[in-house]
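Here's a walk through a few spots in this protein chain, written for someone with the structure open on screen. Have the viewer ready and follow along.

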Amino acid sequence: MMPPEQDTSNITTHNSPASIMLTSRTENVSVHAEPSNVVPFSQYPIPSQQHQGQQTRLRFSVLCQPLRPVTLKFEEVAYSIYSSTTTTTSCLSLSSHKPKPRRSVLNGVSGVVRPGELLAMLGPSGSGKTTLLTALGGRLTGKLSGTITYNGRPFSCSMKRKTGFVAQDDVLYPHLTVVETLTYAALLKLPKELTREEKIEQAELIIVELGLARCRNTIVGGPLLRGVSGGERKRVSIGLEMLVNPSLLLLDEPTSGLDSTTAQRIMVTLRRLARGGRTVITTIHQPSSGLYRMFDKVLVLSEGCPIYCGQAEQAMEYFSSIGFTPGFNFLNPADFLLDLANGITPDEQLEFQGSVDHHDDQNSRKQDLTSSYKKNIYPVLKADINKNLQDSSFSTVISSKSSCGEVQWSTSWWEQFKVLLRRGLQERKHESYSGLRIFQVMSVSILSGLLWWHSDISHIQDQVGLLFFFSIFWGFFPLFNAIFAFPQERPMLIKERSSGMYRLSSYYFARTTGDLPMELVLPTIFVTVTYWMGGLKPSLVTFVLTLLIVLFNVLVSQGLGLALGAILMDVKQATTLASVTMLVFLLVGGYYIQHIPPFIAWLKYISFSHYCYKLLMGVQYSVNDVYECEIGMRCNVTDFPAIKCLGLDNKWWDVAALTIMLVGYRLLAYVALRIGQPH
Ligand SMILES: Nc1ncnc2c1ncn2[C@@H]1O[C@H](COP(=O)(O)OP(=O)(O)OP(=O)(O)O)[C@@H](O)[C@H]1O
Ligand SMILES: [Mg+2]
């Protein structure tokens, strides 16, 4: 294990701005913080079955697990985007599209965060906090320049696994309970050296440490489903990242939208995590003075430019030394810093801030603050960054995408598949086994059974219609259900894949397998009811073959739905395209039109409904069957126009065509997912 990089500077505060910056937290960082030293976060009683012995707690506590400390250094980080502005040359002329100008989002941001430190990023909305945090978490794509090193090395796959990233918006499965969410994550994230029981124990421990014991069996919920409270949900998100005992923890606004007590609790937890030897960086909006005191370091951004980066308690002193003293009614240092980042001085009256003159004043003040930063803070920061020279020997200029060699997964493919399958079934059981879906299928099956009640071969036109209805209904239904699969899960997939939680292939197979039971049970019930009510051939073999063909059709149409969803990743676009495709398949299926012009007849060969319909007729009728074509006159079924046109032979070709589609669509869905996903 690498020893933590200790901060040895011991210089006390002097009056010059530069000397203020030299002081740093001299508190020794403990890599193995003892839980007995910290105030327990949880005030809630823990259910007796969750009581672990003190021994177990000490053995597994997240806070006493060994860590590989990470010193994060970033220097001159700059990021810009193309802004798609349209410039108008005059009032009357049409707007002209000039080459897209680049807009700077981050400009020359530098800093050092060591193990045991908690850095808070402050700044007005849009100042670039999230962008910087994403860059520090190795998740920013695009043109990024500067140097970001982790223990002197660029971002790597092993670093990815040691980094916890809590995004601004919680991405969680709404139907899983708190304990299920954390347990499944533990089973996927924790290394295979731990037994299943130990992984579950770890999840339980996180629940206790984050004070979630009271709501452990409550569903997480979401915007449309009431579940745990916002603060509890945020703690679940933090817990998910804490599971792997990250050495570097990045959090984007973990306290936004929470009451001050909950915010304080979360910040206490973060501070405890930092004191346990972790490097913690958080962005924060409007922290109270109580919260501000918990920060070790602050980084203040103003329109992407840093105006302060250093010890939190010395920020006020620094701004005083460059002529910005807090006003008479000064209470909270964070308010003062945010005002300055907006170019507002404490003595300025709020009512004047909107005027044009004040805009100019604010802009010139921001420029003053930025140049003061460059003059006073940056040289000291640079010296601090370069303090450990051996680190800099490894540093390389970062590219927009860090390369990843051979990925080491925490768990085996099979284990990932099993956990993801179980989690998927649990999350979607309400949807898959919803009464509404069962009612929908049952009512259609009974209604069609009554409409075709005991039809016989003398009404061959009706029977053929029923067979065509089978192929179309079980083409549309699974297709539209499958379209939602990947677009709905996209945020979760991106989040979990970004932290290297599982392979895409194990996720893909688990997701598609999980949907199968319900996708196959419903058509089985449907065919059983309608087949016998509708008076189709009373032969068990024919019935079983009809059922198998319909199930085959279901799998193919589900594959098409998955592929459309994965390619477009937009439910609206995918459903539009799917409805057009299915209507084409319906028209060329062979029931409505028998004489399609040759130049467009090829369409039927790509329609799976056509093959399904043909196969259904093939098993229902044989060449020797006759029907009453006119009163008292019997004709061979092969003379019936619809059957004559399609033919009853070449069944194996139809099976082969459906098999190719079954494999092809699913392969296409997988490739589309692979291309569209990060790594
Ligand atoms: N990919 C992008 N496309 C367009 N604009 C972007 C992109 N990334 C960042 N920006 C812009 O960069 C600026 C900084 O964004 P960022 O999300 O980092 O701000 P922030 O400080 O986190 O704001 P907030 O406090 O509101 O969350 C914003 O003006 C944003 O519009
Ligand atoms: Mg943000």
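## A covered helix, α11

Start with helix α11, residues 333–341, in this predicted model. Seven of its nine residues are buried, so the helix counts as mostly covered, given that a residue is buried once 20 or more other C-beta atoms lie within 10 Å of its own. The buried ones are P333, A334, F336, L337, L338, L340 and A341. Keep going just past α11 and you reach G343, which has a positive phi of about 80 degrees.

## Another enclosed helix, α22

Now jump to helix α22, residues 608–620. Here 12 of the 13 residues are buried, so the rest of the structure largely encloses α22. The buried set runs through F608, S609, H610, Y611, C612, Y613, K614, L615, L616 and M617, then picks up V619 and Q620.

What does the covering of α22's buried residues include? Among the elements are α16 (460–483), α19, α20 (571–587), α23 (641–646) and α24 (651–676).

The length of α22 checks out too. At 1.5 Å a residue, its 13 residues should span 18 Å, and the C-alpha atoms at its two ends are indeed 18 Å apart.

## Where α17 crosses α19

Helix α19, part of that cover over α22, also has a partner in α17. To describe two packed helices, you give the angle between their axes and the distance between the axes. For α17 (residues 485–498) and α19 (residues 540–568), the axes come within 7 Å and cross at roughly 45 degrees. The two helices are therefore oblique to each other, because a crossing angle from 35 up to 65 degrees falls outside both the roughly parallel and the roughly perpendicular ranges.

Which residues meet there? A485, F486 and P487 come from α17, and L562, G565 and A566 come from α19. By class, that contact has five nonpolar residues, one polar and no charged.

## Around ligand 1

The shell around ligand 1 is made up of I81, V105, G123, S125, G126, S127, G128, K129, T130, T131 and H285. Helix α3 (residues 129–136) gives the most to this shell, with three residues. Sorted by class, the shell has eight polar residues, two nonpolar and one charged.

## Two glutamates with positive phi

E76 sits in strand β1, residues 72–82. Although E76 is not a glycine, its phi is positive, at about 50 degrees. Is E76 buried or exposed? With 16 other C-beta atoms within 10 Å, E76 is partly exposed.

Leaving out residues up to four places away in sequence, E76 touches G108, S110, G146 and T147. E76 and G111 are 35 residues apart in sequence, yet 8.8 Å apart in space, C-alpha to C-alpha.

E253 is the other one: not a glycine, and with a positive phi of about 45 degrees. It's found in the loop between β6 (248–252) and α8 (260–275). E253 has 20 other C-beta atoms within 10 Å, so E253 counts as buried.

## The whole chain

Zooming out, the protein chain has 24 helices and 11 strands. Of its 679 residues, 43% count as buried. Take the contacts between residues at least 6 apart in sequence, and 78% of them join residues at least 24 apart.

Technical notes
Residues numbered from 1 in each chain as written. Chains lettered and ligands numbered in written order. Predicted model: local features only at pLDDT ≥ 70, side-chain atom pairs only at ≥ 80, totals over all residues. Near = placed C-beta within 6 Å. Helix = DSSP H or I, 4+ residues; strand = E, 2+ residues; numbered from the N terminus. Nonpolar A, V, L, I, M, F, W, Y, C, P; charged D, E, K, R; others polar. Axes fitted to C-alpha atoms, helices over the stretch in contact; angles between N-to-C directions. Parallel < 35°, antiparallel > 145°, perpendicular 65-115°, else oblique. Contact = placed C-beta atoms within 7 Å. Expected span 1.5 Å × (residues − 1).
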